[in-house]
Amino acid sequence: MVSEKAKSNKRKKLECIISRLPRDLIEQVFLSLPVKTLLNCIGVCKQSRSIIRDPKFVTSHLQLAPHCALLFFPRELVSSCGLYPSEAILIDEAWSQSTWDVPVIGPDDFLCGSSNGLVCLYTHTTTIKIANLATGECLHLAKPAKNLTDDHFSFYSFGFHPLTKEYKVTHFLASSHETRIRAKVDSFDGVQVYTLGDEKWKYIGAPEALSLNCVKNSGVVNVDGTMYWLTEDQGASWHHAVMSFDLNKESFGRIQLPTAALEDSAFYGPRRYWIKEIDGKVCIATCQTSDNQPILLRGEIHIWALDINLEQKWIQKYIIQPSAQHIPGPNIVHRDKIVLQHDARNLCSYELLGKNVEVKLSNMEKLLDFSPRKPGSMQVYTFVKSLVRLDSYKKASIVRRPKRKEGWELKKWEALESQRRKIEDIWKKVLQSEQYSIVTTKNLRTTINRLMQRLPDDEALKCIGMKIDQMLHYLPEDCPNQHPRSLRRLNWVAQNQDMDNLEARVDKLNKLRHVMMSSGRQEVG
C-alpha cells in the first residue's frame with residue numbers, strides 16, 4: 001500500500017511540474033481529455049482547477065466533445081420480473097455501451113430532454129430535475145403548478161439557445177377540461193417557459209389551440225435554439241404540420257410538410273409520423289404500422305430533412321425498407337447508423353449506405369440485449385458529456401429540495417435492493433473461495449514440484465501433479481483480491497452479464513470440488 005506521505009509528495013511534485021508549463025499548452029492538453037479524467041485533475045493543483053473551472057474552457061471542451069447516443073428506458077412493470085427502474089445506457093462514438101448505472105437518474109425519473117451537456121428529468125413529485133450525467137450534479141425546480149391535471153413527462157421539453165447561452169424548460173399547458181370535452185380532442189393553448197436562473201415560469205400563448213396528442217405520440221426536438229413538434233392539419237397533404245417555438249424570441253411559427261404523395265398499402269395499418277433530430281437537422285420520419293401491433297413498422301420508412309438555409313425546404317434523406325423491424329425512440333439514426341429491434345430482446349444497428357437502404361438481417365450489429373424490458377417505451381437522445389456546472393442556477397427561488405423520500409429509499413424498491421445485496425454477498429463468498437483455492441492449490445503444486453525434483457520417477461507424484469493442474473484449470477489466473485468488486489451500481493444490461501459471469505464462476509468452483517473429491521476417493525482406494 002502507498003502511504004499518505006508518498007501520495008502527498010507525488011502530488012506536490014506533479015503540481016510543481018504543471019505550474020511550470022504554459023497555461024495555453026495545458027489547456028490544449030486538457031481539451032483532448034474526457035470529463036472523467038478532468039474531474040480527477042481538479043484536485044491536482046490550483047492551476048489545473050482554475051483551467052477546468054473556467055467557463056470559457058468548459059464551453060470549448062463541450063464544443064469538441066464527441067456526441068453519444070443516450071438510450072433511456074423508463075420505469076415499467078414487467079409481468080414475469082416485477083418492477084424495473086428507470087435507467088440510461090450511453091453508446092459512445094465507437095458504439096460501445098456503458099456498464100455503470102447513472103446515480104443522478106432516480107428509479108422513478110422520466111427523461112424529457114437533452115441539450116448542450118445537460119438533461120431534464122420529470123418526476124412524479126412537485127419538481128422536475130436538471131442534471132449533468134457526467135458530473136453527477138443536479139438541481140430540482142418547482143413545476144409550473146402543483147396539481148396539473150393529466151400531466152405527462154412528454155409535455156416537457158428542454159433546450160439551449162447558442163446565441164443567448166440560456167437553457168430553457170418548456171411545458172405544454174393543456175387546455176381546460178371543459179375545452180377538451182367540447183373539442184373532443186386533447187389540446188393546449190400555450191407553453192410555460194422557464195429560463196434557468198430566473199425566479200419563475202412565464203406563459204406564452206399559442207396562436208391557436210394545438211394538438212397535445214401529436215406532442216405525446218410524435219415527440220419534440222430542439223435544434224439550434226428552436227423547439228419543433230408536429231400538430232394536426234387536416235388541410236395539408238400529410239394531415240400534419242410542424243410547429244416551432246424560438247427559445248430566444250419566445251415566438252411560435254408554422255412550417256408546412258413536404259407535398260410529395262405517400263402511397264399507402266391496403267394490407268398495412270395506419271401511417272405514423274415522428275419528428276426527429278438527425279445530424280443536427282430537423283427531420284420527419286413516416287411509415288405505415290401493423291394493424292395488430294402498432295409498434296411494428298410496415299413498408300418503407302421515408303425520412304425528410306429540413307434545410308433552413310434553403311427557405312425551409314424539405315430534402316428527402318433516406319428511404320429505408322426495415323424488414324418489419326420496430327424502430328424505437330425519437331432519434332432513430334445516430335452516426336449514419338439506424339437503431340432498430342431485431343427480435344423480442346436484441347437492439348441492433350445497421351449502417352446506412354446511400355439514400356435507398358434495405359435492411360438485411362445478416363448485416364446488423366448487435367448493441368445489447370434489452371430483455372425483459374419492452375422495446376416500445378425506449379427513448380433515444382443525443383447526449384454530450386460536459387463540465388457544465390449548475391451552481392449559478394441554484395440561487396433562484398424556484399429551486400427546491402425534495403421534501404420526501406425518493407429514489408431507492410422508497411419501499412417499492414426494497415426487494416430489488418435486497419436482491420442486489422444478496423448477489424454481492426454471493427460474489428464475496430465466491431471470490432473468497434477462489435482465493436483460498438488458488439493459494440492452496442498453488443502451494444500444493446510447489447510442494448509436488450520440490451518432491452519430484454528428488455523423486456522424478458515417482459508415478460504417484462506425477463498423478464497428483466496432473467490432478468493439481470486439472471484443478472488449476474477451473475480457477476482464474478489472477479488472485480480475485482487484485483481486482484476487487486466496485487461499489488458502483490451496474491446498469492441492468494451489465495447486471496445480466498454479471499450474473500452470467502457469476503453463474504460461470506460458481507459452476508467452475510463446483511467442478512473443482514468434484515475433481516478434489518474424486519481425487520480423494522482415488523487416494524483412499
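A: Let's start with the term we'll lean on: two strands count as paired if DSSP finds at least two bridges between them. Keep in mind that we're reading a predicted model.

Q: Okay, so what kinds of pairing can strands of a sheet have?

A: They pair through backbone hydrogen bonds, and the pairing is either parallel or antiparallel. Take strand 14 (residues 226–232) and strand 15 (residues 240–246): they're antiparallel partners, joined by seven bridges. For one bridge you can find yourself, go to Thr 226, whose partner in strand 15 is Asp 246.

Q: Which sheet has the order 13-14-15-16, open or closed?

A: That's an open sheet of four strands, paired antiparallel. Its edges are strand 13 (220–223) and strand 16 (251–256), and each of these pairs on one side only. Ignoring direction, neighbouring strands here are turned by 30° against each other on average.

Q: How many strands form the sheet with the order 17-18-19-20-24?

A: Five, again in an open sheet, but this time the pairing is mixed. Strand 17 (271–278) and strand 24 (356–358) each have a single partner strand, so each of these edge strands has one side without a neighbour in the sheet. From one strand to the next, the twist averages 25°.

Q: Which way do strand 18 and strand 19 run in that mixed sheet?

A: Antiparallel: strand 18 (residues 281–289) is joined to strand 19 (residues 297–307) by six bridges. Want a spot to click on? Thr 286 has His 302 of strand 19 as its bridge partner.

Q: Let's turn to accessibility. Is Gln 379 buried or exposed?

A: The cut-off you need is that buried means under 20% relative accessible area. Gln 379 has 9% relative accessibility, so it counts as buried. You'll find Gln 379 in strand 26 (residues 379–384).

Q: What does the side chain of Gln 379 reach?

A: The backbone oxygen of Leu 111, at 2.9 Å.

Q: And why does Val 29 count as partly exposed?

A: Partly exposed is the band between the buried limit and the exposed one, which starts over 50%. Val 29 comes out at 43% relative accessibility, so it gets that middle label. Val 29 belongs to helix 2 (residues 23–31).

Q: Which residues make a nonpolar surface patch with Val 29?

A: Leu 21 and Leu 25 join Val 29 there, and the patch they make covers about 240 Å².

Methods:
Residues are numbered from 1 along each chain as its sequence is written. This is a predicted model: local features need pLDDT of at least 70, side-chain atom pairs count only at pLDDT 80 or more; totals for chains, interfaces and linings use all residues. Side-chain values use heavy atoms; hydrogens and water are left out. Patches are made of residues with over 30% relative accessible area and no salt bridge: like charges are joined within 9 Å, nonpolar side chains (Val, Leu, Ile, Met, Phe, Trp, Tyr) within 5 Å. Accessible areas come from the Shrake-Rupley method with a 1.4 Å probe; for residues, only the protein chains shown count as cover. A salt bridge is a side-chain nitrogen of Lys or Arg within 4 Å of a carboxyl oxygen of Asp or Glu. Helices (H or I, at least four residues) and strands (E, at least two) are DSSP runs, numbered from the N terminus. Buried means under 20% relative accessible area, exposed over 50%, partly exposed in between (1.4 Å probe, protein chains only). Axes are lines fitted to C-alpha atoms, for helices over the stretch in contact, and angles run from 0 to 180 degrees between N-to-C directions. A polar contact is a pair of N or O atoms within 3.5 Å; within protein, one must be able to donate a hydrogen and the other to accept it, and residues adjacent in sequence count only if both atoms are side-chain atoms.
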